[in-house]
Amino acid sequence: MALTAELQTLEALYNTLKNNVLLANEIQKSTDRDLNGAVWESPNATAFRDAWASFKPALVQFETTLAMAASDVATNHNNNAQVNGVREAPHLAPVAPVG
């Protein structure tokens with residue numbers, strides 16, 4: 001398998017993954033905040049709270065996975081730019097999970 005990389009597409013993927021880290025974290029925080037503050041008691045409310053309690057750990061892990069992928073893409077992008085002498089390419093920073 002040949003290795004190929006295009007700096008522009010790597011940069012676009014990096015930006016998408018980085019933004020999705022923030023979105024995944026915002027979903028966690030805003031859902032927790034508003035769910036904890038809601039006066040909502042019903043069978044559906046109980047079912048949703050149970051589902052959220054089961055799903056949230058997967059969303060936290062997904063945030064971490066997105067950050068790891070963004071960091072890997074950044075490293076690949078930066079290394080390819082350096083090896084090929086592309087000075088005008090932006091340096092992409094590693095991404096960490098927010099939460």
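Trainee: How should the accessibility of a side chain be read, and is Trp52 buried or exposed?

Mentor: Trp52 is buried, because its relative accessible area is 10%. Buried means under 20% relative accessible area, exposed means over 50%, and partly exposed covers the range in between (1.4 Å probe, protein chains only). The model is predicted, so local features need pLDDT of at least 70 and side-chain atom pairs count only at pLDDT 80 or more, while totals for chains, interfaces and linings use all residues. Residues are numbered from 1 along each chain as its sequence is written, and side-chain values use heavy atoms, leaving out hydrogens and water.

Trainee: How is a pair of aromatic rings described, and how many aromatic pairs are counted here?

Mentor: A pair of aromatic rings is described by the distance of the centres and the angle of the planes. Rings of Phe, Tyr and Trp (its six-membered ring) pair if their centres lie within 6.5 Å; planes under 30 degrees apart are stacked, over 60 edge-to-face, and the rest tilted. By this rule there are two aromatic pairs. Trp40 and Phe48 form a tilted pair, with 6.1 Å from centre to centre and 45° between the planes. Trp40 is partly exposed at 33% relative accessible area, and Phe48 is partly exposed at 37%. The rings of Trp52 and Phe55 have centres 6.2 Å apart and planes at 45°, so this pair is tilted.

Trainee: Where do Trp52 and Phe55 lie?

Mentor: Both are in helix H2, three residues apart, about one turn of the helix. Helices (H or I, at least four residues) and strands (E, at least two) are DSSP runs, numbered from the N terminus. Phe55 counts as partly exposed, because its relative accessibility is 45%.

Trainee: How is a salt bridge recognised, and how many are counted?

Mentor: Side chains of opposite charge can pair when their charged atoms come close. The criterion is a side-chain nitrogen of Lys or Arg within 4 Å of a carboxyl oxygen of Asp or Glu. Two salt bridges result from this rule. In the bridge of Asp32 with Lys56, the closest N and O atoms are 2.3 Å apart. This pair links distant parts of the chain, as Asp32 is in helix H1 and Lys56 in helix H2, 24 residues apart. Lys56 is partly exposed, with 25% relative accessibility. Asp34 forms a salt bridge with Arg33, the closest N and O atoms being 3.0 Å apart. Arg33 is exposed at 51%, whereas Asp34 is partly exposed at 46%.

Trainee: Which residues have the most contacts inside the largest nonpolar core?

Mentor: A nonpolar core is a set of buried Ala, Val, Leu, Ile, Met, Phe, Trp, Tyr and Cys residues joined through side-chain atoms within 4.5 Å. The largest one has 15 residues, and those with the most contacts inside it are Tyr14, Leu17, Val21, Leu66, Ala70, Val73 and Val95. Helix H1 (7-37) and helix H2 (43-83) each supply at least two of its residues. H2 gives the most, with seven residues.

Trainee: What does Leu66 contact, leaving aside neighbours within four places in sequence?

Mentor: Contact means heavy atoms within 4.5 Å. On that basis, Leu66 is in contact with Leu17, Asn20, Val21 and Ala24.

Trainee: Is Asn25 buried or exposed, and what does Asn25 touch?

Mentor: Asn25 lies in helix H1 and is buried, because its relative accessibility is 7%. Not counting residues up to four places away in sequence, Asn25 touches Glu63, Val98 and Gly99.
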